[in-house]
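Here is a friendly walk through one model, to be read with the structure open beside you. We begin with a helix, move on to the sheet and finish with two single residues.

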Amino acid sequence: MKKVEAIIKPFKLDEVKEKLTEIGIRGITITEVKGFGRQKGHTELYRGAEYVIDFIPKIKIEVILPDEMVDDAIKVISEAAKTGRIGDGKIFVIPVESVIRIRTGETDENAL
């Protein structure tokens, strides 16, 4: 099993979620996060005062998948989240040792 984490632009969330459900992914976790990479920050004006926004708002999607679904999930996320502009995000794939469903005690792929 693997955990796929994707950091994407907020306005791409609905499209990514829709595409993930189309390929059979049943559960995802979404978190509103802030950060920066190459995009760094930017300067804005508010009531005549200039200020720097260091951390850009993003969405983090987390999905735990059987190994055979990982490549499809990466492909779908990449296509749905892509704008072709800086700040589109990143995808991380992390090994998962074990999963336990609290309610039933089911483990590993049965718990997904």
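## Helix α2 and its two faces

In helix α2, the buried residues (under 20% relative accessible area with a 1.4 Å probe, protein chains only) are Val-70, Ala-73, Val-76, Ile-77, Ala-80 and Ala-81. They sit on the same side of α2, because the arc they cover around the axis is only 140 degrees, taken from the directions that lead from the helix axis to the C-beta atoms. On the face turned away from that buried side you will find Glu-68, Asp-71, Lys-75 and Glu-79, which are exposed (over 50% relative accessible area). Among the elements covering the buried residues of α2 are β1, α1, β5 (56-65) and β6 (89-95).

This is a predicted model, in which local features need pLDDT of at least 70 and side-chain atom pairs count only at pLDDT 80 or more, while totals for chains, interfaces and linings use all residues. Residues are numbered from 1 along each chain as its sequence is written, and side-chain values use heavy atoms, with hydrogens and water left out. Helices (H or I, at least four residues) and strands (E, at least two) are DSSP runs, numbered from the N terminus.

## The sheet

Four strands form an open sheet in the order β2-β5-β1-β6, with antiparallel pairing; two strands pair if DSSP finds at least two bridges between them. β2 (29-35) and β6 are at the edges with a single partner strand each, so one side of each has no neighbour in the sheet. From one strand to the next, the twist averages 20 degrees.

Between the antiparallel strands β1 and β5 there are 7 bridges. Lys-2 stands opposite Leu-65 in β5. Helix α2 packs on the sheet, where it touches β1, β5 and β6, and its direction makes about 5 degrees with that of β1. Such angles run from 0 to 180 degrees between N-to-C directions, with axes fitted to C-alpha atoms, for helices over the stretch in contact.

## Two residues to look up

Ile-7 is found in strand β1. With a relative accessible area of 22%, Ile-7 is partly exposed, the class between buried and exposed. Leaving aside neighbours within four places in sequence, Ile-7 is in contact (heavy atoms within 4.5 Å) with residues including Lys-58, Ile-59, Asp-88 and Phe-92.

Lys-12 is in the loop between β1 (2-8) and α1 (13-22). Is this lysine, Lys-12, buried or exposed? Lys-12 counts as buried, because its relative accessibility is 11%. Beyond its neighbours within four places in sequence, Lys-12 is in contact with Ala-80, Ala-81, Lys-82 and Thr-83.
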